[in-house]
Amino acid sequence: DGNIAKSRNLGISKSSGEYIAFLDSDDYWYKDKLKACMDALSQKKDYQCICHSEIWEYPENHSLTRHYGPENNFSFEKLLTCGNCLSLSATMVKKSILIKTGSFSEDKDMITAEDYDLWIKISKENKFLFIKDILGVFCLHDDSESANIIKNSKAIVNVIHSHLASTSLLQIALSNAHRNEGKRFYVNGKHMDALRAYLSSINNLSSFTRTIAFIIVLI
């Protein structure tokens, strides 16, 4: 039914290893990825989750290196108010942690943002080790049109609402989510959609101050 969370959760439940790493069919790891992650974790005994750097390959035959983190952005509050700071394909997590947190949400309203929801749940009791080693490649496709950006943004908003009640943090989190939506539209040349998202991000004076520069760029 298009809910990849169910497939991932099935894989987690059927796995026998101590750690789980994720690899979609069109992405790939470097041959030493698993060893490098385990070596890093063995040197940092207080970590049970790890995220490495990776290459993003685009359809137009260009690529860039993505470094994730930093570690202080992996906290319950920062993940909600600043957004996702990891890539699923670059992570490895102890299976027991996944099981304890309920693994990926299968809520249809969170489709495309299940990993974001998972990181928020994990952040309540665990931390991630971020390393600069480039250990894999994440392949992007021509699927960044308006409908997909809107769908993902709605899923992110649903994740935020599921973790925050009506608080000042909720306002900050929603403002940031819409601002990020606007940035994605801007990168894809959808300036009117970007303007709509930026305007949606304004819910108080502070968010107006943070957003106005992005709106000026569109004018």
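**Ser53, ring pairs and a buried helix**

Q: Which residue's backbone oxygen does the side chain of Ser53 reach at 3.2 Å?
A: Keep in mind that this is a predicted model. Ser53 is found in strand 3, residues 49-57, and Ile131, Lys132 and Asp133 are among its contacts beyond four places in sequence. From there, the Ser53 side chain gets to within 3.2 Å of a backbone oxygen, that of Lys132.

Q: Is Ser53 buried or exposed?
A: The cut-off for buried is under 20% relative accessible area. Ser53 comes in at 0% relative accessibility, so it counts as buried.

Q: How many residues apart are Phe22 and Phe104?
A: These two rings make an edge-to-face pair, 5.4 Å centre to centre with 80 degrees between the planes. Phe22 is in the loop between strand 1 (19-21) and strand 2 (28-29), while Phe104 is in the loop between helix 4 (95-101) and helix 5 (114-123). That pair links distant parts of the chain, and the separation is 82 residues.

Q: What is the centre-to-centre distance for the aromatic pair of Phe74 and Phe128?
A: Phe74 sits in the loop between strand 4 (63-66) and helix 3 (76-82), and Phe128 in the loop between helix 5 and strand 6 (129-139), so their pair ties together parts 54 residues apart in sequence. Both of these Phe residues are buried. Their planes are 65 degrees apart, which makes the pair edge-to-face, since that class starts over 60. Centre to centre, Phe74 and Phe128 are at 4.8 Å.

Q: Which residues form one aromatic cluster with Phe74 and Phe128?
A: The Phe74 and Phe128 rings pair edge-to-face, and both residues are buried. The cluster they belong to also takes in Trp119 and Phe130.

Q: Which ring does the charged end of Arg66 sit over?
A: Arg66 has already come up in a way, being one of the contacts of Ser53. Its charged end is 4.2 Å from the centre of a ring, and that ring belongs to Trp56.

Q: What is the distance from the charged end of Lys127 to the centre of the Tyr47 ring?
A: Here a lysine takes the charged role: Lys127 has its charged end over the ring of Tyr47. The distance to the ring centre is 4.7 Å.

Q: How many residues of helix 5 are buried?
A: The buried residues include Trp119 along with charged types such as Glu114, Asp115 and Lys121. Helix 5 is largely enclosed by the rest of the structure, because the buried count is 10 of the 10.

Note on methods
Residues are numbered from 1 along each chain as its sequence is written. This is a predicted model: local features need pLDDT of at least 70, side-chain atom pairs count only at pLDDT 80 or more; totals for chains, interfaces and linings use all residues. Side-chain values use heavy atoms; hydrogens and water are left out. Helices (H or I, at least four residues) and strands (E, at least two) are DSSP runs, numbered from the N terminus. Buried means under 20% relative accessible area, exposed over 50%, partly exposed in between (1.4 Å probe, protein chains only). A polar contact is a pair of N or O atoms within 3.5 Å; within protein, one must be able to donate a hydrogen and the other to accept it, and residues adjacent in sequence count only if both atoms are side-chain atoms. Contact means heavy atoms within 4.5 Å. Rings of Phe, Tyr and Trp (its six-membered ring) pair if their centres lie within 6.5 Å; planes under 30 degrees apart count as stacked, over 60 as edge-to-face and the rest as tilted. A charge sits over a ring if NZ of Lys or CZ of Arg is within 6 Å of the ring centre and within 35 degrees of the ring normal.
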